[in-house]
Amino acid sequence: MNRNGIHHVTAIAGNARRNVEFYTRTLGLRLVKKTVNFDDPGTYHFYYGDEAGSPGTILTFFPWDHVAPGRLGIGEAQETAFRVPEGSIGYWTQRFVEKGVSHSAPVKRFGETVLAFKDPHGMRLSLVGVSGIENAPAWIGTDVPAEHAIRGFHSVNLLLAEAAPTGAILTDIFGFREIGREGSLVRFKAEGTEIGGIVDVHEAGGFLPARMGGGSVHHIAFRAADDAGQEEMVRKLVENHGIRTTEQKDRNYFRSVYFREPGHVLFEIATDIPGFAADEAPAKLGEALKLPDFLEKRRSQIEAVLPEIA
């Protein structure tokens, strides 16, 4: 069961309209939730994923117009990778050429074909060809043929000074184990987890620290089945590693705690429940602007300052 892999990845974008167009029209993901940054409600918070908004498929963004570009460096996610069927890399390479998407030539990594590319605001992404996932769930509400559609996360790649301290958190708290090394990459995999079940650590001591900005990953969220599972992870962080988390925060679609892991990446532990259908019918996901109860009374004010994305 997928209980210890990646829940979602949250990044920073520029123009909101360009962000929506790229992830829905170019990559063919579903906009499963259109809400606001609960801490900065004058800014959207977009969630993209599969048809149901399943944990392990969700990439989210805070889009700010005129945001300064981020600088890749130590203590940041270097690349976020999606799964596609093994035979689909050729299709996506051609699609990126036709749509003017910045991309690199496919390469092999741990025996799999990887097509690296960037979104319009510089976020580093890749598609990884994976065998045997042709029948895995995907969103097919776009012009991307079903046989080539994205099927959730493959992995995240962290750029860190050293792998071992972060690896201790991944293994003890989230149920990963080291399964291989390739050059400066160390691969960790969550037992029994296919979607979002891999974290690669790129050891690169001597790099400058990351600077957050457009194209940067803000945080990575890992899955907890429920509140009890989350509480157990929080307890182990304190007792085994001396790391304390924030208090639990209600994000409407999951409940979260946050902490800095030893490599300085911001990690989140997010519950699988209640899910994105908590305030919207599954068939209508992402269509309306949804606000938490504490912001609903300010709806007209918030809608007046949010940019048009239709």
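**Two helices, two cores and some placed residues**

Modeller: Helix α3 passes helix α4 in a right-handed crossing, as calculated from a predicted model, where local features need pLDDT of at least 70, side-chain atom pairs count only at pLDDT 80 or more, and totals for chains, interfaces and linings use all residues. Residues are numbered from 1 along each chain as its sequence is written, and side-chain values use heavy atoms, with hydrogens and water left out.

Colleague: What makes the crossing of α3 and α4 right-handed?

Modeller: The near helix is compared with the far one: a turn by less than a right angle is left-handed if anticlockwise and right-handed if clockwise, and α3 passes α4 in the right-handed sense. The helices themselves (DSSP runs of H or I with at least four residues, while strands are runs of E with at least two, both numbered from the N terminus) span residues 164-174 for α3 and residues 227-241 for α4.

Colleague: Why are α3 and α4 called oblique to each other?

Modeller: They pack at an angle of about 135°, with their axes 10 Å apart, where axes are lines fitted to C-alpha atoms, for helices over the stretch in contact, and angles run from 0 to 180 degrees between N-to-C directions. Under 35 degrees would be roughly parallel, over 145 roughly antiparallel, and 65 to 115 roughly perpendicular, with the rest oblique; the angle of about 135° falls in that rest, and α3 and α4 are therefore oblique.

Colleague: Which residues make the contact of α3 with α4, and how many of them are nonpolar, polar and charged?

Modeller: From α3 come Ala 168, Ile 169, Asp 172, Ile 173 and Phe 174, and from α4 come Met 233, Lys 236, Leu 237, Asn 240 and His 241, where contact means heavy atoms within 4.5 Å. Divided by class, they give 6 nonpolar, 2 polar and 2 charged residues, since Ala, Val, Leu, Ile, Met, Phe, Trp, Tyr, Cys and Pro count as nonpolar, Asp, Glu, Lys and Arg as charged, and the others, Gly among them, as polar.

Colleague: Which residues have the most contacts inside the largest nonpolar core?

Modeller: They are Tyr 23, Leu 127, Phe 174 and Ile 220, in a core of 66 residues, a core being a set of buried Ala, Val, Leu, Ile, Met, Phe, Trp, Tyr and Cys residues joined through side-chain atoms within 4.5 Å. Apart from it lies another core, of 9 residues, among them Ile 58, Ala 221, Phe 254 and Ala 270.

Colleague: How do you know whether Ile 269 is buried or exposed?

Modeller: Its relative accessible area is 0%, and buried means under 20%, exposed over 50% and partly exposed in between, with a 1.4 Å probe and protein chains only; Ile 269 is therefore buried. It sits in strand β16 and, beyond residues up to four places away in sequence, touches Phe 174, Met 233 and Leu 237, among others.

Colleague: Why does Tyr 253 count as buried, although it lies in a loop?

Modeller: The loop between β14 (249-250) and β15 holds Tyr 253, but the class is set by accessibility, and 2% is within the buried range, so Tyr 253 counts as buried. Leaving aside neighbours within four places in sequence, its contacts include Lys 33, Ile 273, Pro 274 and Lys 290. The peptide bond from Ile 273 to Pro 274 is cis, with omega near 5°, and Pro 274 lies in the loop between β16 (266-271) and α5 (293-296).

Colleague: What makes Glu 162 partly exposed, and which class does Glu 194 have?

Modeller: Glu 162, in the loop between β9 (153-160) and α3, has 47% relative accessibility and therefore counts as partly exposed. Glu 194, in the loop between β11 (185-190) and β12 (198-203), has a relative accessible area of 51% and is therefore exposed.

Colleague: Which sign does phi have at Phe 110 and at His 264, and how accessible are Phe 110 and His 264?

Modeller: Neither is a glycine, yet phi is positive, about 50° at Phe 110 and about 80° at His 264. Phe 110, in the loop between β6 (107-109) and β7 (112-118), is partly exposed at 22%, whereas His 264, in the loop between β15 (255-260) and β16, is exposed at 55%.
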